[in-house]
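This report walks through one structural model, from the whole chain down to single residues. Please keep the sequence and the coordinates in view while reading.

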Amino acid sequence: MREPSTDPVRPNYVGMAFLVFLAVLGIVYVGMSLSYGWSAETNPLGPGAAPAALGILLIAGCLVLLMQEVRSHRRAVAAAAQGIPPAEAAAPGVRDLVKPVLILLIVIAGLILTTVIGMMIAMPLVVLAIALFVEKLKPVPALIMAAVTALMLWLVFQQLLSIRFPTNLIGL
């Protein structure tokens with residue numbers, strides 16, 4: 001049986017660094033969306049509205065997760081000060097990077113695929129790949145998630161907001 005570690009409790013630096021990276025990526029999305037315009041003459045939402053909204057959501061989500069990590073670390077430090085051994089005091093390692101890097105690679109592949117097969121097909125494929133290879137879901141729930149993603153993209157952007165995605169190499 002493993003003995004409790006006597007090392008000081010360390011924050012999850014790898015996870016926090018990845019959250020900061022994602023927050024900076026969100027800031028870049030918002031900044032770049034300004035050049036596209038957030039509104040259009042014929043539509044209340046312009047081509048920059050979706051990237052801006054997603055960037056803002058990404059920033060907000062990262063900030064919430066960072067605050068949770070800091071609170072969790074403070075609780076672990078307080079518990080260690082009282083002599084209560086932390087549940088897991090091991091420092092984060094390379095294995096902690098596998099999921100975030102895999103997600104990032106899948107998203108990049110999806111962005112590259114978008115120019116070829118279109119967003120309506122590429123984004124559900126991204127969701128399917130993440131569900132199968134990162135979250136290790138069974139095929140049926142993963143396919144349902146991908147189908148719901150495709151349906152929501154179509155309903156929200158094309159039906160509700162009347163935003164047409166740019167055509168791609170195969171005309172979708």
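The text below covers the overall chain, then its helices, then selected residues.

## Basis

This is a predicted model, in which local features need pLDDT of at least 70, side-chain atom pairs count only at pLDDT 80 or more, and totals for chains, interfaces and linings use all residues. Residues are numbered from 1 along each chain as its sequence is written, and side-chain values use heavy atoms, with hydrogens and water left out.

## The chain as a whole

The protein chain has five helices and zero strands. Its pattern along the sequence is α-α-α-α-α. Helices (H or I, at least four residues) and strands (E, at least two) are DSSP runs, numbered from the N terminus.

The mean pLDDT of the protein chain is 79, and 78% of its residues reach 70 or more. The pLDDT is below 50 over residues 1-5, a stretch with four contacts in the model beyond near neighbours in sequence. Here pLDDT is the predictor's confidence in each residue, from 0 to 100. Contact means heavy atoms within 4.5 Å.

Of the 172 residues of the protein chain, 23% count as buried. Buried means under 20% relative accessible area, exposed over 50%, and partly exposed in between (1.4 Å probe, protein chains only). The protein chain exposes about 11,800 Å², and carbon and sulfur atoms supply 73% of that area. Accessible areas come from the Shrake-Rupley method with a 1.4 Å probe; for residues, only the protein chains shown count as cover. Among contacts between residues at least 6 apart in sequence, 61% join residues at least 24 apart.

## Helices α1 and α5

The table sets out the spans of two helices. The expected span is 1.5 Å times one less than the number of residues.

| Helix | Residues | Length | C-alpha span, first to last | Expected span |
|---|---|---|---|---|
| α1 | 13-36 | 24 residues | 35 Å | 34 Å |
| α5 | 139-160 | 22 residues | 30 Å | 32 Å |

For α1, the span is close to the expected value. For α5, the two values agree.

Which residues of α1 are buried? They are Leu19, Leu22, Ala23, Gly26, Val30 and Ser33. These buried residues pack against α2 (49-81). Just after α1, Gly37 takes a positive phi of about 90 degrees.

In α5, the buried residues are Ala142, Ala146, Leu153 and Gln158. They pack against α4 (119-134). Ser162, just after α5, has a positive phi of about 55 degrees.

## The aromatic pair

The structure holds one aromatic pair. The ring centres of Phe18 and Phe21 are 6.0 Å apart and their planes are at 35 degrees, so the pair is tilted. Rings of Phe, Tyr and Trp (its six-membered ring) pair if their centres lie within 6.5 Å; planes under 30 degrees apart count as stacked, over 60 as edge-to-face and the rest as tilted. Phe18 and Phe21 are separated by about one helical turn because they are three residues apart in helix α1. Phe21 is partly exposed, at 38% relative accessibility.

## Ala131 and Lys136

Ala131 lies in helix α4. Is Ala131 buried or exposed? At 2% relative accessibility, Ala131 counts as buried. Leaving aside neighbours within four places in sequence, Ala131 is in contact with Lys136, Leu137, Ala142 and Met145. One of these, Ala142, is a buried residue of α5. Ala131 and Ile103 are 28 residues apart along the chain, and their C-alpha atoms are separated by 9.9 Å.

Lys136 sits in the loop between α4 and α5. At 65% relative accessibility, Lys136 is exposed. Its phi is positive, about 55 degrees, although Lys136 is not a glycine.

## Thr114 and Val70

Thr114 belongs to helix α3 (residues 98-117). With a relative accessible area of 17%, Thr114 is buried. What does the side chain of Thr114 reach? It reaches the backbone oxygen of Gly110, at 2.7 Å. A polar contact is a pair of N or O atoms within 3.5 Å; within protein, one must be able to donate a hydrogen and the other to accept it, and residues adjacent in sequence count only if both atoms are side-chain atoms.

Val70 is in helix α2. Its relative accessible area is 31%, so Val70 is partly exposed. From C-alpha to C-alpha, Val70 and Pro11 are 7.6 Å apart in space, with their places 59 residues apart in sequence numbering.
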